[in-house]
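Please read the following report alongside the sequence and the model. It takes up the cysteines, then the sheet, and then the helices that accompany it.

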Amino acid sequence: MQTIYFAGGCFWGTEHFFKQIHGVVHTQTGFANGNTAIVNPTYEQVYTDTTGFAETVRVDFDETKVSLRFLVGMFFAAIDPLSLNRQGHDEGTRYRTGVYYTQESQLPEIEQVFREQQAKYSEPVAVELLPLKNYYPADEYHQNYLDKHPDGYCHLPLELFQWAGKQRDSKE
């Protein structure tokens, strides 16, 4: 089992997207890589854009079924990698995009995907690639939000969730 953290704009849709992918065992919405001394920040505190935290999804995955490389590629398929501090209609530093790793051994695989993605664009991608500095789970209201509220707000199109569920890593 491995863990990686993705900040892809509003965490409701990002979490739901990753839940569709074969090999993802568990997801959790939360807040990562803040710059303040706040421990266990609330949604309301993060929403002010003064804490430095990004809405982030923890993704636990079975590396015998899905590779980190595949997951990072899927992440890029779900975001606009050129938008700084914005995804869809959501704007602010809390909605920035990023990949936050927990082990140095994960970095070469992630960097390879970043290079491949950057080659597609003439301007630099606006996606952070950093070690996980801190992470705090969001309260229960935000966990599995789109499962609880199927008609709830999401910046990602419904077709993207269906597409994600049909994708398979070449590991199988």
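## Cysteines

Why is there no bond from the sulfur of Cys10 to the closest cysteine sulfur? The closest one belongs to Cys154 and lies 6.5 Å from the sulfur of Cys10, which is too far for a bond. With a disulfide taken as a pair of cysteine sulfur atoms within 2.5 Å, the count comes to 0 disulfides. Cys10 is also buried, at a relative accessible area of 5%, where buried means under 20% relative accessible area, exposed over 50% and partly exposed in between, with a 1.4 Å probe and protein chains only.

## Basis of the model

This is a predicted model, in which local features need pLDDT of at least 70 and side-chain atom pairs count only at pLDDT 80 or more, while totals for chains, interfaces and linings use all residues. Residues are numbered from 1 along each chain as its sequence is written, and side-chain values use heavy atoms, with hydrogens and water left out.

## The sheet

An open sheet of 6 strands, with mixed pairing, follows the order E7-E6-E1-E3-E2-E8; strands (E, at least two residues) and helices (H or I, at least four) are DSSP runs numbered from the N terminus, and two strands pair if DSSP finds at least two bridges between them. Its edge strands, E7 (127-131) and E8 (135-137), each pair on one side only. From one strand to the next the twist averages 30°, angles being taken from 0 to 180 degrees between N-to-C directions, with axes fitted as lines to C-alpha atoms, for helices over the stretch in contact.

Strand E1 (residues 2-8) runs antiparallel to E6 (residues 97-101), to which 4 bridges join it, and Gly8 has Thr97 as its bridge partner in E6. E1 also pairs with E3 in the antiparallel sense, over 5 bridges, with Tyr5 opposite Arg58 of E3. E2 and E3 are likewise antiparallel and are joined by 8 bridges; here Arg58 in E3 is the bridge partner of Gln28. E3 is mostly covered, since 7 of its 8 residues are buried.

## The helices

H3 and H4 pack at an angle of about 35°, with their axes 9 Å apart. Their contact (heavy atoms within 4.5 Å) is made by residues including Leu68, Val72 and Phe76 of H3 and Ile110, Val113 and Phe114 of H4. The residues of this contact divide into 6 nonpolar, 3 polar and 3 charged, where Ala, Val, Leu, Ile, Met, Phe, Trp, Tyr, Cys and Pro count as nonpolar, Asp, Glu, Lys and Arg as charged, and the others, Gly among them, as polar.
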